[in-house]
Structure formats: C-alpha cells, structure tokens
Amino acid sequence: MFFTADYEAGSKRASGLFLFCFEGETQVMIELRNLGKTYSNSGKPVIALEDINLTVNDGEIFGIIGLSGAGKSTLVRCINLLEKPTSGQVLVDGKDLTKLSGKELLEMRRSIGMIFQSFNLLEQRTVLKNVCFPLEIAGVKKEPAQARALELLELVGLSDKKDAYPAQLSGGQKQRVAIARALATKPKYLLCDEATSALDPTTTRSILELLREINDTLGVTIVVITHEMRVIDSICDRVAVIDQSHIAEEGLVSEVFANPRSDIGKQLILRQDDAESAFRSFSGKKLRLVFDGVTSTKPLISEMVLACQAPVSVMFADMRDIDGIAYGYTIVELPDDQRQADKLVAWLNASPIKYYEEA
C-alpha cells in the first residue's frame with residue numbers, strides 16, 4: 001500500500017511516495033543471500049565472491065568499500081545480474097533475479113539504474129539523446145522521452161548542455177549526464193560503481209552532493225562502490241567492508257569509522273601508516289580514545305587535563321563532526337608519572353569516552 005508523507009530516515013528527512021509494509025506485502029529492498037561468484041581462468045576456478053549476505057534498506061545510501069581486487073565491482077554487478085552469480089540469491093523487492101526469465105529480468109533492470117567510473121556515454125549522441133537512450137529502448141515516444149530528459153538535465157544542472165556532445169564536457173559534467181541517464185526510467189535503485197574515482201576532489205564533492213540530493217528528494221535507494229573512505233563518510237548511512245571476496249564487517253558508518261574491527265577496516269579507515277609513523281618517537285603508554293556519539297562541541301580532552309592536573313601528549317587524531325556528534329579517534333600518550341596516569345584513566349572510566357590501550 002502506498003502513501004505520500006514525510007518520514008525520518010536516520011539523520012535526514014525526505015518526502016514523497018514510499019511503501020508501508022503490512023503482513024503479506026513485499027518490502028522494498030535489496031537482499032543478497034549466500035551470494036557466490038566463481039570465474040574460470042585457464043580451467044582453474046577463481047573465487048570473486050563467497051557467501052555474501054547483505055541487505056540494503058529502502059531509502060538509504062549503502063556503501064561497499066574495499067581495495068582493488070577485493071570483489072566490490074563484481075558484487076555490485078551481481079545486484080542487477082550484469083554478472084550472473086554462481087550461487088546464492090539476489091532478491092530485489094522480494095523477487096529473486098536469478099530465477100527470472102529474460103523478459104522479466106529486463107523489466108526489473110528498469111528499476112535499477114547504474115553509473116560507472118568511465119561514464120559510458122555514447123560519443124555520437126548529444127547530451128539530450130544520451131539521456132533519452134534508455135527511454136527509447138523502453139519504447140517511450142519521442143516527445144515524452146525528451147520532456148523527461150530535459151527535466152533530469154535540469155535536476156543535474158546541465159540544461160544548457162543539452163545539445164553538446166560528450167567530448168565537449170568535463171569529467172564531472174559527463175558523470176552528471178550519466179546520472180541523468182540512469183534516472184530516466186524512474187528507478188527505485190541507483191548503483192554507483194566507483195563513480196567518482198576519475199574525478200578531482202572538488203568535482204567529487206559536487207557529485208556526492210548531487211547523489212545525496214537525489215536520495216533526499218526522489219527517495220532513490222543508492223549503493224555506492226568505492227575504495228575511498230571519504231566517499232563513504234560523506235554520504236553513506238551504512239557500510240560493508242569487503243576483503244578477499246568476503247564481507248569483513250558491516251554497520252553504521254559512524255560505528256565502523258569510529259571503531260573498525262577488521263584488519264582491512266583498520267587499514268582503510270585508520271590510515272595506520274600515518275599513525276605508526278607518529279608512534280615511533282613515543283615510548284610511553286598510549287591510549288586510543290574512541291568518539292562514537294559524544295557531542296562534538298565539548299572539549300573533553302581539555303576537561304580531562306584540567307580536572308586531573310596531568311598532561312597528555314596528543315599523538316594522532318582522525319575525527320569527523322556528523323550532525324554535531326564527534327566520530328573518530330584520538331591517540332594520546334599518558335605521562336610517565338604513574339599517579340598522574342592513574343588519575344587520567346580513572347577520569348576516562350567515568351566519562352562517555354570509550355578507550356583501549358595501544359600495543
């Protein structure tokens with residue numbers, strides 16, 4: 001049953017058409033169950049994905065992060081069956097895509113848009129005709145197709161480029177055209193495979209802001225594949241970390257960022273090389289202070305030093321302010337004086353700050 005209303009989704013608000021689920025009705029979501037993908041290389045099996053279990057909820061921006069070769073691009077391509085899984089299920093709105101006929105799969109794919117690192121625009125077509133292309137394939141008549149395309153070019157800020165060709169556009173403009181094209185058939189889902197990897201930092205920010213706007217205003221569920229934590233941190237609600245064909249960990253971005261549990265999560269998020277470089281000149285006892293929900297305006301470390309009348313050395317910090325809440329960590333060295341160190345530890349035990357000793 002559909003209703004039009006305002007609703008809360010984490011820290012963001014959106015309004016529009018969405019699905020209330022009652023008993024017996026299908027919930028709108030993407031679900032991967034025991035997903036596996038194996039390739040053959042000269043007759044030898046190469047495992048790209050193994051036993052992947054993930055759920056992407058309606059209306060969220062879900063990130064999948066991993067190093068090159070970890071399997072993340074294969075994973076996102078399995079969601080719309082551009083890559084056919086070797087085992088497991090891909091459920092979209094309750095339908096197992098691996099069981100659909102060719103015609104049924106084609107129809108489902110219209111609800112799943114996709115954008116790529118290399119843009120994949122048709123060079124011989126104008127911007128307007130590129131956006132119209134999926135509508136032509138779907139059999140939409142020329143006039144309504146062009147009206148839809150112009151509406152989307154307005155959304156992505158490229159109305160003035162409708163008659164330009166891809167060769168005349170910057171990388172950021174090409175990606176905006178690709179986003180408009182992906183939205184042409186009014187999909188429920190948008191898959192982004194390293195969509196900002198070829199862009200400079202400023203252009204990346206503008207594309208991420210556009211994706212967040214699309215999520216907020218159109219209610220499109222977005223899956224973001226990337227190797228950059230800054231992309232996940234900027235727009236995603238939840239994140240899965242993939243390593244060597246397996247999901248290493250999963251959770252809210254704020255939780256994974258503040259306290260990654262897996263080795264690959266720590267490697268991607270904590271920038272260990274920088275931290276280890278800072279450690280070398282310090283020989284005292286070190287604590288990692290984890291901030292995962294503390295009000296960012298409170299100067300807690302300053303309060304600790306003043307309350308205990310004991311100094312600490314701040315060795316390394318990686319913090320984010322998300323909606324007025326501090327997420328991240330700070331590594332400090334305790335003083336050599338054991339009494340002072342004990343006072344600082346006692347203060348931390350009574351504070352909202354989580355901490356643990358660094359090796």
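The legends below accompany close-up views of a predicted model.

**View 1. Overall composition of the predicted protein model.** The protein contains 12 helices and 16 strands, and of its 359 residues 48% count as buried. Among contacts between residues at least 6 apart in sequence, 67% join residues at least 24 apart. The accessible surface of the protein comes to about 17,900 Å², and carbon and sulfur atoms account for 49% of that area. Within the structure there are 16 salt bridges, whereas the count of disulfides is 0. Two cysteines may be picked out here: C132 is buried, with a relative accessible area of 4%, and C308 is likewise buried, with a relative accessible area of 4%.

**View 2. Strand β5 and the strands that pair with it.** Strand β5 spans residues 61-65, and 5 of its 5 residues are buried. In a regular strand the side chains alternate between the two faces of the sheet. For β5 both faces are covered, with I61, G63 and I65 buried on one side and F62 and I64 buried on the other. Strand β10, made up of residues 221-226, pairs with β5 in the parallel sense over 5 bridges, and in this pairing I64 stands opposite I225 of β10. Strand β11 also pairs with β5 in the parallel sense, here over 4 bridges, and F62 stands opposite R238 of β11.

**View 3. The salt bridge between E250 and R238, and the network to which both belong.** Side chains of opposite charge can pair when their charged atoms come close. E250 and R238 form a salt bridge in which the closest N and O atoms are 3.0 Å apart. Because E250 lies in strand β12 (residues 246-252) and R238 in strand β11 (residues 238-243), the pair ties together parts that are 12 residues apart in sequence. The two partners fall into separate classes of burial, since E250 is partly exposed, with a relative accessible area of 30%, while R238, at 15% relative accessibility, counts as buried. R238 is also the residue of β11 that stands opposite F62 in β5.

**View 4. The salt bridge between E357 and K285.** In this pair the closest N and O atoms of E357 and K285 are 4.0 Å apart. E357 lies in strand β16 (residues 354-357), whereas K285 lies in the loop between α10 (272-279) and β13 (286-295), so the salt bridge ties together parts that are 72 residues apart in sequence. K285 counts as partly exposed, at 39% relative accessibility. Returning to the partners of the preceding view, salt bridges that share partners join E60, R238 and E250 into one network.

**View 5. The salt bridge between E151 and R148 within helix α4.** The side chains of E151 and R148 meet in a salt bridge with an N to O distance of 3.0 Å. Both residues belong to helix α4 (residues 142-155), and because they are 3 residues apart in that helix, E151 and R148 are separated by about one helical turn. E151 counts as partly exposed, at 49% relative accessibility, whereas R148 is buried, with a relative accessible area of 14%.

**View 6. The surroundings of E194 in a loop.** E194 lies in the loop between β9 (189-193) and α6 (201-218), and this residue is buried, with a relative accessible area of 8%. Although E194 is not a glycine, its phi is positive, at about 50 degrees. When residues up to four places away in sequence are left aside, E194 touches K72, Q117, I225, T226 and H227. With one of these residues, H227, the side chain of E194 makes a polar contact of 3.2 Å. Another of them, I225, is the residue of β10 that stands opposite I64 in β5.

**View 7. D51 and its positive phi in strand β4.** D51 is found in strand β4, which comprises residues 44-57. Its phi is positive, at about 50 degrees, although D51 is not a glycine. With a relative accessible area of 47%, D51 is partly exposed, whereas E194, for which a positive phi of about 50 degrees is also found, is buried, with a relative accessible area of 8%.

Terms used: Residues are numbered from 1 along each chain as its sequence is written. This is a predicted model: local features need pLDDT of at least 70, side-chain atom pairs count only at pLDDT 80 or more; totals for chains, interfaces and linings use all residues. Side-chain values use heavy atoms; hydrogens and water are left out. Helices (H or I, at least four residues) and strands (E, at least two) are DSSP runs, numbered from the N terminus. Buried means under 20% relative accessible area, exposed over 50%, partly exposed in between (1.4 Å probe, protein chains only). A polar contact is a pair of N or O atoms within 3.5 Å; within protein, one must be able to donate a hydrogen and the other to accept it, and residues adjacent in sequence count only if both atoms are side-chain atoms. Contact means heavy atoms within 4.5 Å. A disulfide is a pair of cysteine sulfur atoms within 2.5 Å. Two strands pair if DSSP finds at least two bridges between them. Accessible areas come from the Shrake-Rupley method with a 1.4 Å probe; for residues, only the protein chains shown count as cover.
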